[in-house]
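Reader: Please take one helix of this model and go through it closely. I want its faces, its partners and its setting in the chain.

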Amino acid sequence: MSELPDFLDSTDIFDDGPALKQRLEDDGYLFVRGLLPADAVLKVRQRLLQKAAQGGWLDGAHPTEDGIADPTAACKDPEDRYMQVFRSLWADEALHRLRTHPRVLGFFERIFGEPALAHPMFVQRNIFPQREGFDFTTGIHQDKVHIGGATNHALWVPLGDCPRDKGALAVAATSHRAGILETKVGSGAGGMDICVDIPGQWVTGAFKAGDALIFSDTTVHRALPNRTNQIRQSFDARYQPASQAIAETNMLPYSGCGTWDEVYAGWQSTDQQYYWRALNPKVVDFDTSHYERRDRMAFDMAEQGDAGARDALLRIVQRDHNPAKRARAEQLVRVLDGAAAGD
Ligand SMILES: O=C(O)CCC(=O)C(=O)O
């Protein structure tokens, strides 16, 4: 992947809403240097690395600020040992404020031509280095099936510099024009991977602290493998015109992180708590049809002993509202793990 072309840089049109909107419509993405102030991003990086170190994720032989991962602690969302440490990272007050930073909201407002709603739910990612037997590289996917609602746009921001080999994001430029593509059960976002030829041109780049990638919910994207010895930390948040519908799942805290009151319990200030209430969002049901299809495939695969279903099953265990389905997924994970351990 290292020979992929660089993103088209849109920093020069940062103040020009119609030009940003047109480029997003044409290419399906925008790459903007310095969208967020570097010092604000680096402050959050420092806070999250401290929490990662306290959680045992970093190699204690190196300074915390180097972010050198302890490979024996490698874990991934939604495993229990990941979630135990992750909750305090996700709840971080300064992290939450980055995505509602005035420069970010102003940017989306210029594109939308109306107030922008930052989805309350967002993702904070901690990608341990890729190693023999451990790989958490985000596979090829589109966001639409996971986010639902009306059109929205993702903002992907690494917490600090992120060269290509630290697991930078890549997008397939113009792929958004093809609509929702067919998926199969896999290890990508939500336990799904696109299984058809990807339209468009893959592009990527090296990020400096504060740089950001914006892409639409049908733009195909993936991460590059993290080939460094550092943990790659990033967040991805979603934005939409405030007048449009948002799926109810995006109104909740990240799965496994408790209620909003619990998230806010450790905050020093009330600034930005429940900020979305002022925008009176139009909340609609989440379209579960894509997940239901995934789950049927994952159960069939697992019953035939195919460990490729494991990530999808873990998603069901963590997130499905149906207790019988969660129990069936849990049982199948046990069987798959037992088979892998040679029981
Ligand atoms: O950070 C990653 O590895 C994946 C990010 C992603 O898929 C997204 O922002 O939708």
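**A close look at helix 8**

Author: Start with the open face. S289, E292, R296, D300 and E303 of helix 8 are exposed. They lie on the other side of the helix from its buried residues. Keep in mind that this is a predicted model.

Now turn the helix over. Y291, R294, D295, A298, M301 and A302 are buried. These six residues cover an arc of only 130° around the axis, so they sit on the same side of helix 8.

What do the buried residues of helix 8 pack against? Two strands and two helices: strand 6, strand 7 (192–194), helix 9 and helix 10.

Next, the length. Helix 8 runs over residues 289–303. It has 15 residues, and at 1.5 Å a residue they should span 21 Å. The C-alpha atoms at its ends are 21 Å apart, so the expected span and the model agree.

Just after helix 8 comes G305. This glycine takes a positive phi of about 80°.

Then look at one of the partners, helix 9. Helix 9 covers residues 310–319. Its buried residues are R310, D311, A312, L313, R315 and I316. They pack against strand 6 (183–185), helix 8 and helix 10 (323–340). Strand 6 and helix 10 thus appear again: the buried residues of helix 8 pack against them, and those of helix 9 do too.

Now the setting. The chain holds ten helices and 13 strands. Of its 343 residues, 41% are buried. Take the contacts with a separation of 6 or more: 78% of them join residues 24 or more positions apart. A compact globule with 343 residues would have a radius of gyration near 20 Å; the chain has 19 Å, which agrees. Along the principal axes, the C-alpha atoms fill a box of roughly 60 × 45 × 45 Å.

Last, the ligand. Its shell consists of R125, I127, T138, D143, A154, W156, L169, A189, H221, A223, S234 and D236. Six of the shell residues are nonpolar, three are polar and three are charged. Which strands each supply at least two residues of this shell? Strand 3 (123–127), strand 4 (153–158), strand 10 (221–223) and strand 11 (232–241).

Notes: Residues numbered from 1 in each chain as written. Predicted model: local features only at pLDDT ≥ 70, side-chain atom pairs only at ≥ 80, totals over all residues. Near = placed C-beta within 6 Å. Helix = DSSP H or I, 4+ residues; strand = E, 2+ residues; numbered from the N terminus. Nonpolar A, V, L, I, M, F, W, Y, C, P; charged D, E, K, R; others polar. Buried ≥ 20, exposed ≤ 12 C-beta atoms within 10 Å, placed from the backbone. Contact = placed C-beta atoms within 7 Å. Expected span 1.5 Å × (residues − 1). Arc of directions from axis to C-beta. Rg over C-alpha atoms; globule rule 2.2 N^0.38 Å.
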